[in-house]
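Q: I would like a careful look at one part of this model and at the charged side chains that go with it. Please begin with a single pair of side chains, and then move on to the helix that matters to me.

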Amino acid sequence: MTLTLRSKKFMTNRLLRRKQRVIDVHHPGKATVPKSEIWEKLAEMYKIADVIFVFGFRAHFGGGQTTGFGMIYDSLDYAKKNKPKHRLARHSLYEKKKTSRKQRKEEYKNRMTQFRRTAKASVGPGKKK
Amino acid sequence: MAAPGNLAVLESDLQSAVTLLKNLQDQVMAVTAQVQALTKKVQARAYPTEKGLSLLEVKDQLLLMYLMDLTHLILDKASGGSLQGHAAVLRLVEIRTVLEKLRPLDQKLKYQIDKLVKTAVTGSLSENDPLRFKPHPSNMMSKLSSEDEEEDEAEGQSEASGKKSVKGTVKKYVPPRLVPVHYDETEAEREKKRLERARKRALSSSVIRELKEQYSDAPEEIRDARHPHVTRQSQEDQHRINYEESMMVRLSVSKREKGRRKRASVMNSQLHSLTHFSDISALTGGTPHLDEDQNPIKKRKKIPKKSRKKTGFRRRR
């Protein structure tokens with residue numbers, strides 16, 4: 001279980017209220033370490049679990065080393081504001097709509113048929129009528 | 001009352017003291033004679049210095065004053081007085097400081113003084129004398145626009161008067177009038193340029209370099225520098241990695257990029273580079289074959305301009 005984590009290019013990003021770093025993972029002899037494992041390791045290193053986000057892990061040629069990015073936010077509110085939604089969804093902090101695009105377009109078209117000429121432009125994407 | 005040992009020391013000292021005083025007297029007489037001769041010459045106007053360099057004049061005067069003060073001090077000391085708080089000492093210190101400060105100025109004027117001395121000695125300088133070439137900033141000014149000349153004159157005058165002229169009215173920026181050159185690169189010229197570039201590349205290829213090393217007398221240099229097989233692809237990769245790490249994003253890799261990378265890695269992993277050398281046909285005049293990481297030479301096709309009906313899917317050429 002020789003997993004070594006090293007952080008490079010550490011920066012405190014005051015604008016986005018987080019600390020960001022490049023994480024170098026050494027795992028000689030093993031396959032690429034999954035993201036969740038690295039997340040757990042960071043969580044036990046820094047004691048706070050829910051404001052840590054890791055992403056973008058790429059393995060180097062020949063195996064044994066992986067590089068990725070890690071961010072630790074100041075608080076959960078800032079994390080929710082600043083993070084892109086799919087990353088939040090990975091940590092189940094965000095649920096996206098389950099309706100498919102085709103369905104939505106169909107509904108919109110049907111609503112538009114009820115109007116004539118320029119009134120069609122007034123039909124919004126939301127649920128009207 | 002002194003002990004007999006001390007008396008012997010005193011006697012020997014006395015002897016050397018007497019000889020020294022005699023020497024001193026002789027030298028003083030010689031110096032006086034010289035100074036008197038010099039004074040007579042100066043009074044007879046043998047050295048006119050009105051038209052000379054004022055710096056040298058100042059130095060002359062200062063040195064004379066220094067000597068006068070020094071002799072005054074020696075006189076006082078020789079007649080038994082003390083030098084404590086003597087007014088001449090302060091004067092001497094002052095003159096010495098000024099002379100030291102003048103020394104760098106002297107250094108800077110050395111060239112001019114040498115030139116003048118040479119002119120005085122030889123009468124006139126020869127045509128090819130390098131001392132004659134003085135920079136002419138007026139030659140660098142363009143003779144085209146008269147506005148620039150006027151501005152320069154005005155600036156010169158204001159600088160001479162010693163105050164910085166604040167530009168009252170802001171003058172409109174006039175871009176420099178450059179003569180436009182007609183672009184006329186024909187196919188033949190393009191071919192020539194390409195050939196020239198290929199020649200340069202061939203000259204720095206490994207084959208020619210090894211030939212050069214074989215026949216030159218210079219010692220063989222072993223440089224432990226960058227990776228010997230650094231290719232364009234590896235440099236691009238490095239650049240990409242740096243960007244990704246500093247911006248904290250992952251860039252997407254297009255299909256072409258993937259193809260290039262694969263080609264580069266395949267080349268490096270095979271023993272291809274052992275037997276395939278870079279192209280020196282530009283020097284030998286054969287048909288060109290390609291290096292690994294370069295793009296294949298495409299002939300320029302005339303792409304007909306069609307009206308695009310389907311803008312969705314663009315065909316990749």
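Which side chain meets that of B:Lys59 in a salt bridge, and what is the N to O distance? After that, please describe helix H7 of chain B, residues 232–247, in detail.

A: This is a predicted model, and everything below should be read in that light. The side chain that meets B:Lys59 in a salt bridge is that of B:Asp106, at 2.7 Å from N to O. The pair links distant parts of the chain, with B:Lys59 in helix H2 (residues 54–78) of chain B and B:Asp106 in helix H3 (residues 87–122) of chain B, 47 residues apart. With a relative accessible area of 22%, B:Asp106 counts as partly exposed, a value to be set against the limit of 20% under which a residue is called buried.

Before turning to H7 itself, some background on its chain is useful. Chain B has ten helices and zero strands, so from the N terminus on every element is written as α. Of its 317 residues, 9% count as buried, and among contacts in chain B with a separation of 6 or more, 47% are accounted for by residues 24 or more positions apart.

Helix H7 of chain B holds 16 residues and reaches 23 Å from its first C-alpha to its last, which is close to the 22 Å expected at 1.5 Å a residue. Within this helix, B:Gln233, B:Glu244 and B:Glu245 are buried. Seen down the axis of H7(B), these buried residues fall within an arc of 100 degrees, so they line one face of the helix. As background to that arrangement, an α-helix has 3.6 residues a turn, so residues three or four places apart point the same way. The buried residues of H7(B) pack against elements from both chains: strands E1 (4–13), E2 (18–26) and E4 (65–73) of chain A, together with helix H8 (255–269) of chain B.

Just beyond the end of this helix, B:Met248 takes a positive phi of about 60 degrees, although B:Met248 is not a glycine. This residue lies in the loop between H7 and H8 of chain B, and at 7% relative accessibility B:Met248 counts as buried.

The packing against chain A leads on to the interface. Twelve residues of chain A are in contact with eight residues of chain B, and the area buried between the two chains is about 850 Å², with carbon and sulfur atoms giving 57% of that area. On the side of chain A, the residues that lose the most area to chain B are A:Lys9, A:Arg58 and A:Phe69, together 59% of what that side buries. The rule finds two salt bridges across this interface, and the count of residue pairs in polar contact between the chains is three. The elements that give two or more residues to the side of chain A that touches chain B are E1, E2, strand E3 (52–59) and E4 of chain A, and E4(A) gives the most, with four residues.

Two of the buried residues of the helix also take part in salt bridges. B:Glu245 forms one with A:Lys9 of chain A, the closest N and O atoms being 3.4 Å apart. A:Lys9 lies in strand E1 of chain A and has a positive phi of about 50 degrees although it is not a glycine; at 42% relative accessibility, A:Lys9 counts as partly exposed.

In chain A, A:Asp24 forms a salt bridge with A:Lys8, with the closest N and O atoms 3.6 Å apart. A:Asp24 lies in strand E2 of chain A and A:Lys8 in strand E1 of chain A, so this pair ties together parts that are 16 residues apart in sequence. A:Asp24 counts as buried at 6% relative accessibility, whereas A:Lys8, at 33%, counts as partly exposed.

The other charged residue of the buried face, B:Glu244, meets B:Arg250 of chain B in a salt bridge of 2.7 Å from N to O. Here B:Arg250 is partly exposed, with a relative accessible area of 24%, while B:Glu244 is buried at 6%. Salt bridges that share partners join A:Lys8, A:Lys9, A:Asp24 and B:Glu245 into one network. For context, a search of the whole structure finds 15 salt bridges over all chains.

Note on methods
Residues are numbered from 1 along each chain as its sequence is written. Chains are lettered from A and ligands numbered from 1 in the order in which they are written. This is a predicted model: local features need pLDDT of at least 70, side-chain atom pairs count only at pLDDT 80 or more; totals for chains, interfaces and linings use all residues. Side-chain values use heavy atoms; hydrogens and water are left out. The expected span of a helix is 1.5 Å times one less than its number of residues. Buried means under 20% relative accessible area, exposed over 50%, partly exposed in between (1.4 Å probe, protein chains only). The arc is that of the directions from the helix axis to the C-beta atoms. Contact means heavy atoms within 4.5 Å. Buried area is the accessible area (1.4 Å probe) that two parts lose on being put together, summed over both. A salt bridge is a side-chain nitrogen of Lys or Arg within 4 Å of a carboxyl oxygen of Asp or Glu. A polar contact is a pair of N or O atoms within 3.5 Å; within protein, one must be able to donate a hydrogen and the other to accept it, and residues adjacent in sequence count only if both atoms are side-chain atoms.
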